[in-house]
Every structure is written in C-alpha cells, then in structure tokens.
Amino acid sequence: MKIAVLGGGNGSYAAVADAAEAGHEVRWWRRDGASFAPLGTPPTLTVTDHEGTRQIAVDTTDDLGRALDGAEVILAPMPAFAQADLADALAPHLVDGQVIYLSPGSFGAWIMLERIRAAGCSADVALCETGTLPWLCRKQGEAEVRITTRASRLPTGVLPARLTDMALEKLGQVYPGAIERCEDALSGALMNAGPIIHPPLILMNAGPIQHFDKWDIHNEGTQPAIRSVHDALDAERVAVREALGYGAPHFPLADHYNTSNWMYGNLAHDKLVGSGDWHEHLDLQTHRYMTEDIAVGLALLVSVGEWAGVKTPVAAGLLALASAVTGRDWRSEGRTLEALGLADRDPKAFQKTLAEGI
C-alpha cells in the first residue's frame with residue numbers, strides 16, 4: 001500500500017520502521033524538513049527490537065501534498081493538541097477513500113472532521129482512532145527507535161461509522177490480525193488506555209517523581225494501592241461505555257497486568273519494565289501524561305460520564321488533583337463535550353451523526 005506517516009514522535013518513528021520493512025511504499029512527513037538531517041543522506045532509520053538492530057531506508061519530505069499523494073492510509077500518531085492544526089493542513093489534499101488513523105485519538109476524529117469540513121473539504125474520508133499507540137517504543141536520539149513490543153489487538157472506531165468496513169480492511173493490511181471493530185469513533189475514544197493507566201501513576205507518585213531525577217512509574221511506581229485505583233477508574237470507563245450502548249470487549253486494564261488478552265498481548269508490562277526506557281524524567285507540568293492523558297483524555301471521560309448520566313467520582317477526583325498540581329482547571333480548560341460544543345446533544349441522536357458523518 002501507499003502510506004503516509006506524519007510527525008516526529010516515538011510512534012511516528014515506529015510506524016515508519018514497521019510499514020517500510022513490511023514492504024509498503026511509505027512517505028514520512030515532518031513540518032520541518034531539517035528535522036530529518038540526523039537520518040543522513042540518503043535517509044536511514046535505525047530500528048532495534050527483539051530481532052536485533054538494523055537500518056531501514058526511508059523516504060522523507062516536508063511537502064505534505066507529496067506525502068499524501070496516492071496514500072491510501074495516513075498514520076498520524078501525533079499529540080492530541082496537534083489534531084486541529086493537522087486537519088487544517090490535510091484538508092486541501094484529501095480525496096475520497098483515504099483512511100486517517102489516530103493512535104490514540106481522544107475523540108480527535110470528531111475535531112478533525114469538523115475542521116476538515118469547515119475548511120471546505122468534502123472528501124469522503126474515514127477518521128479512525130484506537131485505544132493505544134500500536135507500539136511500546138522510545139526514540140533513541142533522532143535517527144533510531146527502539147520497539148519493546150507491538151500491539152496485538154487494536155480496538156478501532158471509525159468516523160463516519162458507515163465507512164468502517166472499508167477503513168478496517170485497509171488498516172488490516174498495515175496491522176495484520178490486530179484491528180478490531182468498535183461501534184463508532186466515540187466508542188474508540190472510550191478505549192483510550194492512557195487516561196486510565198497514567199493519571200493514577202503520576203499523581204500517586206508525584207512525590208518521588210519530583211524528588212528523583214528519573215522515576216519508572218511502571219516499575220517501582222506501580223504498587224497495589226495504585227492498581228486498586230486503576231481498577232476503580234477503569235470500572236467507571238466501562239460503565240460509561242455500557243450506558244452509551246457500547247458492548248464488550250471493553251479491554252479492561254486489569255488484563256494488561258494479569259492476562260495476555262490486552263492490547264499488547266502477553267507479558268507486555270514485564271517487557272515495558274524490563275526495557276528500562278520508561279525510567280525517565282517526568283515534569284508534571286509539561287509531560288504528555290498530564291497535558292494529554294489528563295487534560296484531554298481524563299477531562300473527556302468525566303464530561304462524557306456526566307452526559308451519559310454515569311457518576312465518575314474517581315475520574316473527577318483525579319482530574320481535580322491534577323488541577324491542583326498544575327494550577328489549571330482541567331474540568332473547564334480540558335477537552336470536554338462542552339468545549340467541543342456537544343454537551344447539549346442527545347446521545348442517541350448524536351450517535352446517528354457519528355454513523356453518517358458531517
């Protein structure tokens with residue numbers, strides 16, 4: 001397939017490596033072409049995983065039109081705060097039948113489709129989002145990525161949902177055997193694991209995070225009391241999903257720790273800890289666990305719970321604690337249904353819009 005990969009984060013590096021090595025025709029776009037300089041001439045990306053270390057030739061560009069030309073799938077594992085600007089940039093280039101994959105999205109599919117339409121783009125594209133980044137990975141400088149493990153199950157929702165069959169067929173060629181159907185994009189957004197796993201880990205480890213230069217929240221930072229909060233928080237997420245009529249599997253976070261049924265499969269947590277890549281410096285003001293998983297994902301969960309008539313005291317409490325830590329009111333400033341102009345929509349009627357699109 002022809003695939004465009006957008007961005008320069010950990011996930012973008014892994015996406016380029018895997019898609020190119022699988023034989024797809026991959027064009028890798030970054031807004032700043034100079035960012036590719038460390039890859040050398042011709043550009044070569046080093047990837048390290050369980051099979052060892054190797055070099056992969058890559059096709060890079062800062063010309064978004066060139067990157068998207070003929071692309072069937074557009075992989076955009078970018079931060080949630082970049083989604084609106086990305087939609088504006090994509091709008092002039094999109095054509096019918098393209099699939100845009102946000103991993104994860106935090107309901108960014110809705111934001112991007114609104115922006116694309118507002119920019120005058122009428123292309124019938126599928127905006128998809130899943131519950132996690134398809135790789136546990138970390139960049140090792142600007143020319144290498146280390147992939148600890150890959151997702152074996154990627155629950156994916158599509159906007160508009162009427163394009164689900166088309167979108168999942170194409171995504172299945174990029175992630176063979178891993179793509180699983182969700183009812184729509186909101187269902188996919190409510191699979192996002194980041195707002196469940198990371199808020200308890202950073203808030204309940206705030207003392208050691210600020211005391212030590214580096215701290216592994218997944219190793220010494222994951223203790224029974226924190227796991228209990230995980231379970232309670234995840235139960236609220238599942239209750240919200242069920243209140244909106246979304247069915248199982250709900251991908252409970254407990255499976256990440258206790259079984260091989262979760263998104264990353266067998267022993268994923270052990271591999272994550274064993275890699276050492278998550279023994280890192282965390283700034284509670286600026287790290288994406290705060291600015292994305294809490295300010296975006298957790299704020300969205302709390303607001304959707306209120307919309308669906310489901311009490312979410314653990315989620316709301318963690319959101320309040322995060323607001324106290326950062327000095328920001330994430331309930332009012334974060335990504336909520338109020339901020340998206342959707343809080344007054346009837347849930348059932350809105351789900352019909354999610355099926356048909358804008």
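# A tour from helix H12 outward

Select helix H7 (residues 194-203) and H12: they pack at about 125°, with axes 9 Å apart. This is a predicted model. The two helices are therefore oblique to each other. Turn the view to see the crossing, where H7 passes H12 in a left-handed sense.

Now show the side chains at this contact. From H7, pick Gly-194, Pro-195, Ile-196, His-198, Pro-199, Ile-202 and Leu-203. From H12, pick Arg-288, Tyr-289, Met-290, Asp-293, Ile-294, Gly-297, Leu-298 and Leu-301. Colour them by class: 10 are nonpolar, three polar and two charged.

## H12 against H9

Keep H12 on screen and add H9. Two packed helices are described by the angle between their axes and the distance between the axes. Here the angle is about 45° and the axes lie 10 Å apart. That makes H9 oblique to H12. H9 passes H12 in a left-handed crossing.

Which residues meet here? On the H9 side, select Leu-233, Arg-237, Val-240 and Ala-243. On the H12 side, select Leu-298, Leu-301, Val-304, Gly-305 and Ala-308. The contact of H9 with H12 holds seven nonpolar residues, one polar and one charged. Leu-298 and Leu-301 also belong to the contact with H7.

## H12 against H13

Hide H9 and bring up helix H13 (residues 313-326). The axes of H12 and H13 come within 10 Å and cross at roughly 145°. H12 passes H13 in a left-handed crossing.

Select Met-290, Ile-294, Leu-298, Ala-299, Leu-301 and Val-302 on H12. Opposite them, select Ala-315, Ala-316, Leu-318, Leu-319, Ala-322, Val-325 and Thr-326 on H13. By class, this contact of H12 with H13 has 12 nonpolar residues, one polar and no charged.

## Into the core

Next, look at the largest nonpolar core. How many residues does it have? There are 123, and Leu-6 and Phe-107 touch the most other members. Helix H12 (residues 288-308) gives the most to this core, with 11 residues.

Centre on Leu-6. Set aside its neighbours within four places in sequence, then show what is in contact with it. You should find Ser-12, Trp-29, Leu-64, Ile-74, Leu-75, Ala-76, Pro-77, Met-78, Leu-86 and Leu-90.

## A buried arginine

Move to strand S9 (residues 135-139) and select Arg-138. Is Arg-138 buried or exposed? Its relative accessibility is 11%, so Arg-138 counts as buried; the cut-off for buried is under 20%.

Display its partners beyond four places in sequence. Arg-138 is in contact with Asn-10, Val-145, Arg-146, Asp-277, Trp-278, Glu-280, Arg-288 and Tyr-289. Two of these names are familiar: Arg-288 and Tyr-289 of H12 also take part in the contact with H7.

## The loop between S2 and S3

Go to the loop between strand S2 (25-29) and strand S3 (44-49), and select Gly-33. At 28% relative accessibility, Gly-33 counts as partly exposed. Draw a distance from its C-alpha to that of Arg-115: the two are 25 Å apart in space and 82 residues apart in sequence.

Stay in this loop for Pro-42. A cis peptide bond joins Thr-41 and Pro-42, with omega about -5°.

## Backbone stops

Most residues other than glycine have a negative phi, and most peptide bonds are trans. The last stops depart from that pattern.

Find the loop between helix H9 (224-243) and helix H10 (254-258), and select Pro-249. The peptide bond from Ala-248 to Pro-249 is cis, with omega near 5°.

In the loop between H9 and H10, pick Phe-251 as well. What is its phi? Phe-251 has a positive phi of about 55°, although it is not a glycine. At 5% relative accessibility, Phe-251 counts as buried.

Finish at Ser-106, in the loop between strand S7 (99-102) and helix H4 (108-118). Ser-106 has a positive phi of about 55° too, and it is not a glycine. With 4% relative accessibility, Ser-106 counts as buried.

Conventions. Residues are numbered from 1 along each chain as its sequence is written. This is a predicted model: local features need pLDDT of at least 70, side-chain atom pairs count only at pLDDT 80 or more; totals for chains, interfaces and linings use all residues. Side-chain values use heavy atoms; hydrogens and water are left out. A nonpolar core is a set of buried Ala, Val, Leu, Ile, Met, Phe, Trp, Tyr and Cys residues joined through side-chain atoms within 4.5 Å. Buried means under 20% relative accessible area, exposed over 50%, partly exposed in between (1.4 Å probe, protein chains only). Helices (H or I, at least four residues) and strands (E, at least two) are DSSP runs, numbered from the N terminus. Contact means heavy atoms within 4.5 Å. Axes are lines fitted to C-alpha atoms, for helices over the stretch in contact, and angles run from 0 to 180 degrees between N-to-C directions. Angles under 35 degrees count as roughly parallel, over 145 as roughly antiparallel, 65 to 115 as roughly perpendicular and the rest as oblique. A crossing is left-handed if the near helix is turned anticlockwise from the far one by less than a right angle, and right-handed if clockwise. Ala, Val, Leu, Ile, Met, Phe, Trp, Tyr, Cys and Pro count as nonpolar, Asp, Glu, Lys and Arg as charged, and the others, Gly among them, as polar.
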